[in-house]
Amino acid sequence: MTRTKEQRHTPATRVDDIERMFGARRSQPAADTPPLELRVTDGTRRRTDDDWTVPKKLVAEAVSGKLVIDFTRARCSRREIDIQAVAGAGAIVLIVPRGWRVDMDAVSPGNGTVANRVKLPRFPGAPIIRVVGQVDTGVVKARYAYRSPLPWFRRSR
């Protein structure tokens, strides 16, 4: 069965239709949730809970340790998330799922490093994370979650 020229140039479903169908089921964000404050002075602290809800604003501060914020299993009903990041001699690592965007243009690096490894295009309806803050001698980094090579090895048998 062949399709006509008009059918070939018309997508089967549009992104707007999908958002309209599933938009009513999406949980609505709470009105006034307090900002989540994550601070580490030394050592490592990870926010990788199985089921945590992302507030509109996060405050992340790493004096000399490592702070890891993992958004891959988080429930997020917001389109924009604001993060106030301050890294002294520590590291702040944001782990996001594919399809999310991270905007780090407002982070001012002193002698530190600002690394944004999130390069793929943003999915429609996916959140965007806006990071604002400063880095003295530490690191603020955004990346995707690592994928295990085990399925690849199992496929090669």
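## Strands β5, β7 and β9

Ala87 has Val135 of β9 as its bridge partner. This pairing is set within a predicted model. Strand β5 covers residues 80-87 and strand β9 covers residues 128-135; the two run parallel and are joined by eight bridges.

Strand β9 also pairs with β7, which spans residues 101-109. Seven bridges connect β7 and β9, again in the parallel sense. Across this pairing, Ser108 stands opposite Gln134 of β9.

## The five-stranded sheet

An open sheet is formed by five strands, arranged in the order β2-β4-β6-β10-β8, with parallel pairing. The edges of the sheet are taken by β2 (44-47) and β8 (113-116); each has a single partner strand, so one side of each is left without a neighbour in the sheet. On average, and with direction ignored, neighbouring strands of this sheet are turned by 10° against each other.

Within the order given above, β6 is followed by β10. Strand β6 comprises residues 91-96 and strand β10 comprises residues 139-144; six bridges join the two, which run parallel. Leu94 has its bridge partner in β10, namely Ala142.

## Aromatic pairs

The structure contains two aromatic pairs. One is made by Trp52 and Phe71, whose ring centres lie 5.6 Å apart. Their planes stand at 35°, and the pair is therefore tilted, since angles from 30 to 60 degrees fall in that class. Trp52 lies in the loop between β2 and β3 (57-62), whereas Phe71 lies in the loop between β4 (66-70) and β5; the pair links distant parts of the chain, 19 residues apart. Trp52 is buried, with a relative accessible area of 3%. Phe71 also counts as buried, at 0% relative accessibility.

Phe71 forms another pair with Trp100: the ring centres are 5.8 Å apart and the planes are at 45°, so this pair is tilted. Here too the pair links distant parts of the chain, with Phe71 in the loop between β4 and β5 and Trp100 in the loop between β6 and β7, 29 residues apart. Trp100 has a relative accessibility of 10%; because the limit for buried residues is under 20%, Trp100 counts as buried. Through these ring pairs, Trp52, Phe71 and Trp100 are linked into a cluster.

## A charge over a ring

A further contact with an aromatic ring involves Arg143 and Tyr146. Arg143 lies over the face of Tyr146, at 4.0 Å from the ring centre. Arg143 falls within the residue range of strand β10, 139-144.

## The chain as a whole

The secondary structure of the chain consists of three helices and ten strands. Read from the N terminus, the elements follow the order α-α-β-β-β-β-β-β-β-β-β-β-α. Two helices thus precede the strands, and a helix closes the series.

The chain has 157 residues, of which 33% count as buried. Among contacts in the chain with a separation of 6 or more, 68% are between residues 24 or more positions apart. The chain exposes about 10,600 Å², and carbon and sulfur atoms supply 51% of this area.

Notes. Residues numbered from 1 in each chain as written. Predicted model: local features only at pLDDT ≥ 70, side-chain atom pairs only at ≥ 80, totals over all residues. Heavy atoms only, no water. Pairing = 2+ DSSP bridges. Helix = DSSP H or I, 4+ residues; strand = E, 2+ residues; numbered from the N terminus. Axes fitted to C-alpha atoms, helices over the stretch in contact; angles between N-to-C directions. Phe/Tyr/Trp six-rings, centres within 6.5 Å; stacked < 30°, edge-to-face > 60°. Buried < 20%, exposed > 50% of the residue type's maximum accessible area, 1.4 Å probe, protein only. Lys NZ or Arg CZ within 6 Å of the ring centre and 35° of its normal. Contact = heavy atoms within 4.5 Å. Areas by Shrake-Rupley, 256 points an atom, 1.4 Å probe, with all protein chains shown as cover.
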